[in-house]
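The following exercises concern the architecture of one protein model. Each task is followed by a solution that proceeds step by step.

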Amino acid sequence: MQKITKEVYLKWYEDMLFWRKFEDKLAAVYIQQKVRGFLHLYNGQEAVLAGALHAMDLTKDKMITAYRNHVQPIGMGVDPKRVMAELFGKATGTSQGLGGSMHIFSKEHRFYGGHGIVGGQIPLGAGIAFGDKYHDKDAVTLCCFGDGAARQGSLHETFNLAMLWNLPVVFVCENNGYAMGTSVARTSNHTEIWKLGLGYDMPSGPVDGMNPIKVAEAFDEAIQRARKGGPSFLEVKTYRYRGHSMSDAQHYRTKDEVAEYKKIDPITQVKDIILEKKYATEADLKAIDKDVKKRVAECEKFADESPYPDKNVMYDAVYEQEDYPFIDHKIK
């Protein structure tokens, strides 16, 4: 793993702040109905992505995740303007406006979604890793999912095959405590989700998901293991400051609980280290803050001014086999 230097801390601060402000902007435009449907925000979980990206080789490694998926592609190199446009349903979006909030995708930057089916990405992540192993690509896939998805039977099927075939995959449970709105303690007879991997002799363990340093260290070890041919399972214990989606009334937790977790905000933790080590001054950080707000505003402007896709685009994305058997195409 690359050493965590002054430049890394400053990049983490800028990146995590941008992701936070990007999501805050989406919350605001959602209320204005510029973004429709469901919207799941990443606020509070930024250290998971920051640490993971530091440990990854972005020239070849891949990522697949659930529907809380706006900032991950940005971190992997996708133009944030195109991500914002996709959420607006515009033609300039990553999928020409046809994917929307839950289905951001970029083959170019090796980000494979954005999946709305709970846990649906778990076997797909193993499949991507299988393909890389089959073709000797020396690439690792990070397969991310939430604590709610860990209750899916497909997780166990996937863990079994991943170990059987020694796939280059790191399974990542971003445990923010409540799935859609029910605590882990109410859905499982144990609260240590990482122990699910032990039944398959998979190297597994918990990670402090509010600290990007701890995340980077754990991910580096798991990624190096995967390159040698073998999966890992990390339960990254994090917290989301906003609801599961914009319609979540959050009756399952108190405001005091949220306030306690905000005391260990990953952005604040990194900011404190920067100031303590004199990597930057308060004035320097304020300049970064100003630039971040400007960049987010540019994303909104780009999405606002972009055109909606032509209706024919919808039909271009539907598979059609003209010589399909048993169907008389002459029938109108």
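**Exercise 1. Burial of a strand**

Seven of the seven residues of β3 are buried, so this strand is largely enclosed by the rest of the structure. The model is a predicted one.

Task. Determine which residues of β3 point one way and which the other way.

Solution.
- Step 1. In a regular strand, side chains alternate between the two faces of the sheet.
- Step 2. Val169, Phe171, Cys173 and Asn175 point one way from β3.
- Step 3. Val170, Val172 and Glu174 point the other way, and the residues of both sets are all buried.

**Exercise 2. Strand order and pairing**

Task. Establish the order of the strands in the open sheet, and explain why β1 and β4 are each left with one side without a neighbour.

Solution.
- Step 1. The five strands are arranged as β1-β2-β3-β5-β4, with parallel pairing.
- Step 2. β1 (62-64) and β4 (204-208) stand at the edges and have a single partner strand each; therefore one side of each lacks a neighbour in the sheet.
- Step 3. From one strand to the next, the twist averages 25°.

Task. Identify the bridge partners that fix the register of the strands around β3 and β5.

Solution.
- Step 1. β2 (residues 141-146) and β3 (residues 169-175) pair in the parallel sense over six bridges. Thr141 stands opposite Val169 in β3, and Cys143 has Phe171 as its bridge partner in β3.
- Step 2. β3 and β5 also pair in the parallel sense, over six bridges. Phe171 has Phe233 of β5 as its bridge partner, while Glu174 is partnered by Val236 in β5.
- Step 3. β4 and β5 run parallel and are joined by five bridges; Pro206 stands opposite Glu235 in β5.
- Step 4. As for burial, five of the six residues of β5 are buried, and β5 is mostly covered.

**Exercise 3. Helices connected with the sheet**

Task. State the handedness of the β-α-β units that contain α6 and α7.

Solution.
- Step 1. β2, α6 and β3 form a right-handed β-α-β unit.
- Step 2. β4, helix α7 (residues 212-229) and β5 likewise make a right-handed unit.

**Exercise 4. Packing of α1**

Task. Classify the orientation of α1 relative to α10 and relative to α9.

Solution.
- Step 1. Helix α1 (residues 6-31) and helix α10 (residues 282-305) pack at an angle of about 40°, with their axes 9 Å apart.
- Step 2. Angles under 35 degrees count as roughly parallel and those from 65 to 115 as roughly perpendicular; α1 and α10 are therefore oblique to each other. The crossing of α1 past α10 is right-handed.
- Step 3. Residues in this contact include Tyr13, Leu17 and Phe22 of α1 and Leu285, Ile288 and Val292 of α10.
- Step 4. The axes of α1 and helix α9 (residues 266-276) come within 9 Å and cross at roughly 150°. Angles over 145 count as roughly antiparallel, and α1 and α9 are therefore roughly antiparallel to each other.
- Step 5. The crossing of α1 and α9 is left-handed. Among the residues that meet there are Tyr9, Trp12 and Met16 in α1 and Ile267, Val270 and Ile274 in α9.

**Exercise 5. An enclosed helix**

Task. Explain why α4 is described as largely enclosed, and name the helices against which its buried residues pack.

Solution.
- Step 1. Buried means under 20% relative accessible area. In α4, Pro80, Val83, Met84, Ala85, Glu86 and Leu87 are buried.
- Step 2. Because six of the eight residues of helix α4 (residues 80-87) are buried, this helix is largely enclosed by the rest of the structure.
- Step 3. The buried residues of α4 pack against α1, α3 (71-75) and α10.

Definitions and conventions
Residues are numbered from 1 along each chain as its sequence is written. This is a predicted model: local features need pLDDT of at least 70, side-chain atom pairs count only at pLDDT 80 or more; totals for chains, interfaces and linings use all residues. Side-chain values use heavy atoms; hydrogens and water are left out. Two strands pair if DSSP finds at least two bridges between them. Helices (H or I, at least four residues) and strands (E, at least two) are DSSP runs, numbered from the N terminus. Axes are lines fitted to C-alpha atoms, for helices over the stretch in contact, and angles run from 0 to 180 degrees between N-to-C directions. Buried means under 20% relative accessible area, exposed over 50%, partly exposed in between (1.4 Å probe, protein chains only). A crossover is right-handed if, with the strands pointing away from the viewer, the path from the first strand over the helix to the second runs clockwise. A crossing is left-handed if the near helix is turned anticlockwise from the far one by less than a right angle, and right-handed if clockwise. Contact means heavy atoms within 4.5 Å.
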